[in-house]
Amino acid sequence: MPPTLKSTYWQASRSPRYSLTFALPLLVGYELLAFLLTHDALEGVRNGADVLLKSLFVLLGGRNGLLVFGGLLLGTGAVLVIRDRKAGGPLQGRVFAGMVVESLLYATLFGSITSALTGLLLQGPRGLALAPMAQLGLPTQLMVSLGAGIYEELLFRVILVSALAKLAYVMFGWGKRGAGVFATIIGALIFSAFHYIGPLGDTLQLGSFVFRTVAGLLLSGLYLTRGFGIAAWTHALYDVILTLA
């Protein structure tokens, strides 16, 4: 039986050729806005995950280290996209259109679902306000929001959750499912704690910490089921909605 359009979309949109290509505008938009606002790749306000990922390369090679980081990031992505495109065929615009709609839908519902789940855990409604971010201008807030989508998903979902799962599998001998659950939970706790570090860090409160932990769990689930591109755009669009609200 030939695959239906729905099943083809569901599988294709998770593939590297669509997922990584879909995430590329987030990377370009963030880096372009950051450059226009600061005119310097090493100074000025940046998304914290961006700073953390690039810091080792900067430490080892200064500005040349940033070139190495950029080349490694784009080169790895290009290899994955080209290899997947050879196996899966040319890109189709209708798949990207579906991914846009899907990401917008998830981003719109994300806050309500996270608040409801947080409320169940804490026995009352809980929301989130980005108080430290309010001190920044709107363009800077939007830049940081785009960076959250691309760099926080890269750091906390792609790198951290994968590394934790591998650690649990190798060191503890756990199966794939147990290692995945462990990695997702620990990754979500680290993701939440990360938002209270640095000059733009929020004031630590139980409600906001649990909210962000739940958000980390949901984003991990979204990454695992729908791929990096949709998870990144959902995260970025949610932060943009929160900024403009």
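**Group meeting talk: an eight-helix chain**

Let me start in the middle. The largest nonpolar core has 41 residues, and the ones with the most contacts inside it are Leu26, Met99, Ile150, Tyr151 and Phe156. A nonpolar core here is a set of buried Ala, Val, Leu, Ile, Met, Phe, Trp, Tyr and Cys residues joined through side-chain atoms within 4.5 Å. Buried means under 20% relative accessible area, exposed means over 50%, and partly exposed is in between, with a 1.4 Å probe and protein chains only.

Who supplies this core? Two or more residues come from each of helix 1 (5-12), helix 2 (16-38), helix 3 (48-88), helix 4 (93-122), helix 5, helix 6, helix 7 (206-226) and helix 8 (228-244). Helix 5 gives the largest share, 11 residues.

A word on the source. This is a predicted model, where local features need pLDDT of at least 70, side-chain atom pairs count only at pLDDT 80 or more, and totals for chains, interfaces and linings use all residues. Residues are numbered from 1 along each chain as its sequence is written, and side-chain values use heavy atoms, leaving out hydrogens and water.

Now the overall picture. The protein chain has eight helices and zero strands. Helices (H or I, at least four residues) and strands (E, at least two) are DSSP runs, numbered from the N terminus. Of the 245 residues, 42% are buried. Take the contacts with a separation of 6 or more: 74% of them join residues 24 or more positions apart. Contact means heavy atoms within 4.5 Å.

Back to Tyr151. Which residues does tyrosine 151 touch, leaving aside its neighbours within four places in sequence? The list is Leu27, Tyr30, Glu31, Asn47, Ala49, Asp50, Leu53, Lys54, Phe69 and Leu73.

Three of those names lead to the next topic: Glu31, Asp50 and Lys54. A salt bridge is a side-chain nitrogen of Lys or Arg within 4 Å of a carboxyl oxygen of Asp or Glu. The count is six. Lysine 54 meets glutamate 31 in one, at 2.8 Å, N to O. That pair links distant parts of the chain, with lysine 54 in helix 3 and glutamate 31 in helix 2, 23 residues apart. Lysine 54 also bridges to aspartate 50, at 2.9 Å. Those two are four residues apart in helix 3, so about one helical turn separates them.

Buried or partly exposed? Lysine 54 is buried, at 11% relative accessibility. Aspartate 50 is buried too, at 1%. Glutamate 31 is partly exposed, at 24%.

Another bridge joins glutamate 102 and arginine 226, at 2.5 Å, N to O. Glutamate 102 sits in helix 4 and arginine 226 in helix 7, so the pair ties together parts 124 residues apart in sequence. Glutamate 102 is buried at 7%. Arginine 226 is buried at 1%. As for the earlier bridges, shared partners join Glu31, Asp50 and Lys54 into one network.

Next, a loop residue. Serine 15 lies between helix 1 and helix 2. Serine 15 is buried, at 9% relative accessibility. Leaving aside neighbours within four places in sequence, serine 15 contacts Leu20 and Asp84.

Last, the outside. The accessible surface of the chain is about 13,100 Å², and 72% of that belongs to carbon and sulfur atoms. Areas come from the Shrake-Rupley method with a 1.4 Å probe; for residues, only the protein chains shown count as cover. Tryptophan 174 lies in the loop between helix 5 (138-171) and helix 6 (176-194). Tryptophan 174 is partly exposed, at 36%.
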